[in-house]
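Biologist: I should like to learn how to read strand pairing and charged contacts in a model. Could we work through one together?

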Amino acid sequence: MFRKFGYIVLVLMIVLAGCSKAGDKAVDNGPKYQEDPSVNIAKDEVLLYVMTDMANGLGDLYIQKGGADKEKIASNVLKDQFGYMYNAKVAMYIDKEHTLYQKEAGKPSEQIATDVYGDSIVHSEDETTILFLKSTVAKDYTGSTGDLYRMVRGSEKEKISSDVSNYNYEVSKDGKVVTFVTADGSLYRKAADVTDKEKIGSDVSVYRTSPDGSVTIYQNAENDVYIKYANAVDKEKLASSNIGQVVYTQDSKTLAYLDDYRSDSSKGELILMKNGYEKAKLASDVQQFEFTALGDYIYFLNEDKTLYAKELTDAEDAGDKKKKEADSSEAPAALKILNPAEKVKIADDIKSFNVAPDGTSVIFLDSDHNLFIQRSGEEKAKVASDVSEAHLYNQTILMLSKEKTLASVDLTLDEAALAAKDKAEKELKDKEKEAGATAAAPALLPASPVKEKVKIADKVEEYSADPSLKYIAFKTTDNEFFLKTKNQPEAVKVIEKTDAYSSIHFLNVMLFEKLVTIDQLVGSWHASVDAEGESYDWYVEITKDLKYIIYDSGPDDVTRPFELLNATPNTVEMSFTKDSDDMATMEVVDKNNLKGHYYSEDAEDSITDLKRVTKEELTKAVAAKKEQYKKEQEKQAIIDAANSTADSLLYEYLYNSNDGVKVYNDHSTESEQMGTLGSYTELYVSDTFVSESGEVWCKSNVYFSDVSMYLDVWFKHKDIQ
């Protein structure tokens, strides 16, 4: 999958997420939140992929716009190697030859480059620029490094550097700055307006660059942490080690990261760095954190599942501001101390939280699946119960219940609610004015009423929505796919049966992927395996009611019930015995071929090839095997009886009563005939042999008068009876 398709959605929902102020509102003369203008661009395109060659991971790629008939983009597209830029209206994909193409609506596909690594495509947030990695060895995509290219839409591609590590490069949101790591661990920054790349660090193991490309924080192999500003000559070493998650604000002026990160518990010390301020530790044992869009607040959740908010803007009145403006001509002041206001506790026992992009509210889900909202300056209010997940889109909540009902909640306040809030604000200000200097921390207003949720659909398994909530797509448990636009009262079914496709994507989120089901395994199969130079084959039947029948050549077939676990697009685990290792992984090569990877507690692992046959072919083949087995058993019974007879004759005396019995040099009539026996000859059996046909041969030392000597000879036991 292209590594950063869908980046715009993630930025708007996560990195740029805003949230409520923890206390009373203050007069704000600073920058205001502005919604990304791209939300006004139609986003009703759905990508559809149909696997045509499972063995090689190839298929046909389609696009369906607004529920209209689908349009084929290309054939022989590598699985998961495609994406769509919704603002630019450009599809990109890699074909079976690892050639990268772009396809604009109404135009033929345009070749961008050959020998492109899969999963190597990165695009900028504004969709003007893409990065990709080319293999330096034609037709070889097993390496981990290559040539990094940048292409600005409408221009020719440009080589940035050689020997760049795959998955180890970033592009700024405007596409003008690229940060990357080479095979030797060197970290570089390359701006579009300069010729040479700038080396930032060596032996780099982890790094993250700001949205505008001006700041990079990184950690080297010795766990030393550095920060490098584009306008600074030298990097700065930080008193940190083993950093985890790193997040920048939208304006790239502030960053936060987890220091002393423990991956086993996904927690660390929350450190904040802001331009013009001293580095500050905000909290310990933090597992999740988010900035507001303007970077004026940070919200974080600690290991104890307590949600906090911390104000990051300076606390200053109008007089302070005038003084600062008057002193602006003086020399730069020393680094300031971060706002000393304490973090504010929002709620306990929180599983997850999400903040509004416009900074007006925060929602959070507790361990009992209750959903709450806290608006700016207000107390929290309960929104709903039995909620599985929820997202906050400014003035709307989109949530999925545990019963798989998708619903929305409108957060806008009606006139009555606004009037009640204004009245409560006036009363609160009057109380604070009366309290004067003895007033405690600013009190919160009563929670504004929450409107009833509006059901969008039932039986929803997966869904995705654009940041404006104008476009929502979802897949149901009935294997139907719907698209809803803001102006539509009801969602429109755009795909009748999702399993007609291998995968379905909306906003570069995969909402459906066809996994291996019992239907692909059901049928009759001819199984074969090579082991220790020998080939073995047998027949198998897999039934709809989850039974694995092994047709033995003997009288008793083996039926083993099973359950299917951990399905993927081409494999599924077949567990025969619960709570044990006795299982198999069935790999679907194509509709007529399987590979069975068998694992057993009592035997070595093996791989079996299974080829589909008809029921009639299985019946006929099994009958022939059973008949052959019957004959072999009958033959074996004769041999077993002959062996018993041979054992009883060994070292015993026999008497020949038949004149002219032929004797041989070996236990075969093909060997040299040594003569004949006379009647009433006494024979001592010194050895025996049983032939494949079940004949018993005996060996004796016999005197032959014609040569006047004793000779060892073989004869058939039946000939002397």
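Biologist: How many bridges join strand 2 to strand 3, and do they run parallel or antiparallel?

Modeller: The model is predicted. Strand 2 (residues 58-65) and strand 3 (residues 71-85) run antiparallel and are joined by 5 bridges. Among the residues involved, isoleucine 63 has glutamate 71 of strand 3 as its bridge partner.

Biologist: In what order do the strands of the open sheet stand?

Modeller: The sheet has 8 strands in the order 6-5-4-3-2-1-37-38, with antiparallel pairing. Strand 6 (110-113) and strand 38 (509-513) each have a single partner strand, so one side of each lacks a neighbour in the sheet. From one strand to the next, the twist averages 45°.

Biologist: Which side chain does lysine 72 meet in a salt bridge?

Modeller: A salt bridge requires a side-chain nitrogen of Lys or Arg within 4 Å of a carboxyl oxygen of Asp or Glu. Lysine 72 meets aspartate 60 at 3.8 Å, N to O. The pair links strand 3 to strand 2, 12 residues apart. Lysine 72 is partly exposed, at 40% relative accessible area, whereas aspartate 60 is buried, at 13%.

Biologist: What is the nearest side chain of opposite charge to lysine 310?

Modeller: That side chain is glutamate 311, 7.2 Å away; lysine 310 is buried and has no salt bridge. Lysine 310 lies in strand 23 (residues 307-311), and its side chain reaches the backbone oxygen of alanine 341 at 3.1 Å. Beyond its neighbours within four places in sequence, its contacts include Tyr297, Phe300 and Leu338.

Technical notes
Residues numbered from 1 in each chain as written. Predicted model: local features only at pLDDT ≥ 70, side-chain atom pairs only at ≥ 80, totals over all residues. Heavy atoms only, no water. Pairing = 2+ DSSP bridges. Helix = DSSP H or I, 4+ residues; strand = E, 2+ residues; numbered from the N terminus. Axes fitted to C-alpha atoms, helices over the stretch in contact; angles between N-to-C directions. Buried < 20%, exposed > 50% of the residue type's maximum accessible area, 1.4 Å probe, protein only. Lys, Arg positive; Asp, Glu negative; His and termini not counted. Polar contact = N/O pair within 3.5 Å; in protein donor to acceptor, adjacent residues only side chain to side chain. Contact = heavy atoms within 4.5 Å.
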